[in-house]
Amino acid sequence: MSERKVLTKYYPPEFDPSQIARTPKHLRPTGPKTIAVRLMAPFSMKCTSCGEYIYKGRKFNARKETTDEKYLNITIYRFYIRCTRCSSEITFKTDPKNMDYTCERGAKRNFESWRDPESTELKETDEERLDRLEREEAEEAENAERNAMEELEQKMEESKREMQVADALDEIMQRNARIERGEKGGKEEEALAQVRDLAREKREAEEREDAEAARRAFESASVAQARLEEIKLRKQASKHDETERAPQPPPSFERVKKVKNPLVPGLVRKTEPAPAPAPAVPTKPAGLGLGDYDSDED
């Protein structure tokens, strides 16, 4: 079993320790020393290389460097971190004068309204601030009430939907129970009889509908024929009225001589026609045709 911590190391046969070059201390470069530290981002920033946002409080493995700058004998430190997306180097240092940090290279600090001296929030008075807070509280109350009403409506709709689903399930369960009872009781004949009755009723209903349609058709035909006859009668009545309304000849008041019929045909006297400027045809009296005889000897 191998050791958990290796204490001995393998050196190959061709290893030559004289080839390892070591720089003495007086020849080593002197300058600011860097220390590996673990820190959190002191402010939110945006990477200038890729545009990645780094929020305040994110942890990084950074390098801490001591600079030669000082403020009131307070040492200023510089920190080096890497972007979480593109790994570009970002540097920022302490600012003891303003009790803050300043971004140097690789990133841009996000805008913070409370640090702007010309912002309206810093210029507003106590009364304006109170009015703003009251207005915001009123808006929040209205939004809360509106949200409560919307939630109540949604709950009502959900409850209605659940009731409809429950009713549908009850109907399905009742129908299944009826089917099961019919199958267990051996009522196939009754089920068939019910099906036949339904079919017969449907057929009778269709026949009644057909008869009703035929009756309506005959009634419509008779009504049309009656209307035609009525139109004809109206036309005849109008013609008769026109003939009656035609102008009649004026009445004459001359005396007309009537021919008297003889009581006895043999006693009829022969009459001669009256002289006239033009010959006139003699008229025979109406009778039995015996007016030309003078006596009864013939």
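Cys 50 is found in the loop that runs between β2 (45-47) and β3 (53-54). In this predicted model, Cys 50 comes out as partly exposed, with a relative accessible area of 25%. Leaving aside residues up to four places away in sequence, Cys 50 touches Cys 83, Arg 85 and Cys 86.

One of those contacts, Cys 86, sits in another loop, the one between β5 (74-82) and β6 (89-95). Cys 86 is also partly exposed, at a relative accessible area of 33%. Its own contacts, again not counting residues up to four places away in sequence, are Cys 47, Ser 49 and Cys 50.

These cysteines turn up together in the UniProt record too. An unreviewed entry there lists Cys 47, Cys 50, Cys 83 and Cys 86 under "binding site". The four span 40 residues in sequence, yet no two of their C-alpha atoms are more than 8.9 Å apart, so they gather at one spot.

Next come the strands on either side of the Cys 50 loop. Strands of a sheet pair through backbone hydrogen bonds, and they can do so in a parallel or an antiparallel way. Here, β2 and β3 run antiparallel and are joined by two bridges. Within this pairing, Met 45 stands opposite Ile 54 in β3. Both strands belong to an open sheet of three strands, with the order β3-β2-β8 and antiparallel pairing. At the edges stand β3 and β8 (107-109), each with a single partner strand, so one side of each has no neighbour in the sheet.

Then there are the aromatic rings. The model has four aromatic pairs. Phe 43 and Phe 92 make up an edge-to-face pair, with 5.9 Å from centre to centre and 75° between the planes. Phe 43 lies in the loop between β1 (34-40) and β2, while Phe 92 is in strand β6, so this pair ties together parts that are 49 residues apart in sequence. Phe 43 counts as buried because its relative accessibility is 0%, under the 20% cut-off. Phe 92 counts as buried as well, with a relative accessibility of 1%. The two rings are members of one aromatic cluster, formed by Phe 43, Phe 79, Phe 92 and Tyr 101.

Phe 43 has a charged companion as well: Arg 109 lies over the face of Phe 43, at 4.4 Å from the ring centre. A second arrangement of this kind involves Arg 63, whose charged end sits over the ring of Tyr 80, 4.5 Å from its centre.

Finally, a look at the backbone. Most residues other than glycine have a negative phi. Asn 73 has a positive phi, near 65°, without being a glycine. This residue lies in the loop between β4 (59-71) and β5, and Asn 73 counts as exposed at 66% relative accessibility. Met 99 is not a glycine either, and its phi is positive at about 55°. The place of Met 99 is the loop between β6 and β7 (100-105). With a relative accessibility of 78%, Met 99 counts as exposed.

How values were computed. Residues numbered from 1 in each chain as written. Predicted model: local features only at pLDDT ≥ 70, side-chain atom pairs only at ≥ 80, totals over all residues. Heavy atoms only, no water. UniProt positions renumbered as here; feature names shortened; annotations may be inferred. Helix = DSSP H or I, 4+ residues; strand = E, 2+ residues; numbered from the N terminus. Buried < 20%, exposed > 50% of the residue type's maximum accessible area, 1.4 Å probe, protein only. Contact = heavy atoms within 4.5 Å. Pairing = 2+ DSSP bridges. Phe/Tyr/Trp six-rings, centres within 6.5 Å; stacked < 30°, edge-to-face > 60°. Lys NZ or Arg CZ within 6 Å of the ring centre and 35° of its normal.
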